[in-house]
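Q: I'd like to zoom in on one part of this protein and go through it slowly. Could you walk me through how its charged side chains pair up?

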Amino acid sequence: MDIEKIKKAKTKLIGKEIIYYDKIASTQEEAKKIVKDDSKNGTIVITDHQTNGIGTKGKTWYSNKEKNITMTIILKSNCTIDKLQRIDNKNSRSNERINKRII
């Protein structure tokens, strides 16, 4: 994997910092450790071979060496729970209006 080429990508946030491992158990678990060390927003933890990845709903994520893009992107939000609940409520009302039109 050409990490130096990836680092040269013109991006405003994601990938400004890249932490690369040839082999790692889980990019997600490593990202959790890095977040505690005050990592930069948009940091990518990436590997050529993940041996014990975590998929959706805690399922095991399998990846073959150098055949997949296996990464975790650290995104930090300054959004409060209150703001998230308001967004969710707005989405629910929008969905309700759409459903009424369809039915």
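How many salt bridges does the structure hold?

A: Keep in mind that this is a predicted model. The structure holds two salt bridges, so let's take them in turn, using a cut-off of within 4 Å between a side-chain nitrogen of Lys or Arg and a carboxyl oxygen of Asp or Glu. Here's the basic idea: side chains of opposite charge can pair when their charged atoms come close.

Start with K32, whose side chain meets that of E29 in a salt bridge, 3.3 Å from N to O. Where do these two sit? Both belong to helix α2, which covers residues 27-36, and because they are three residues apart there, about one helical turn separates them. As for how open they are to the outside, K32 is partly exposed, at 44% relative accessible area, and E29 is partly exposed too, at 35%.

Now for the other pair. K33 forms a salt bridge with E30, and their closest N and O atoms are 3.8 Å apart. These residues are also in helix α2, three residues apart, or about one turn of the helix. Their surroundings look like this: K33 is exposed, with a relative accessible area of 53%, whereas E30 has 17% relative accessibility, so E30 counts as buried, because the cut-off for buried is under 20%.

To put the picture together, helix α2 carries the K32 and E29 pair and also the K33 and E30 pair.

Methods
Residues numbered from 1 in each chain as written. Predicted model: local features only at pLDDT ≥ 70, side-chain atom pairs only at ≥ 80, totals over all residues. Heavy atoms only, no water. Helix = DSSP H or I, 4+ residues; strand = E, 2+ residues; numbered from the N terminus. Buried < 20%, exposed > 50% of the residue type's maximum accessible area, 1.4 Å probe, protein only.
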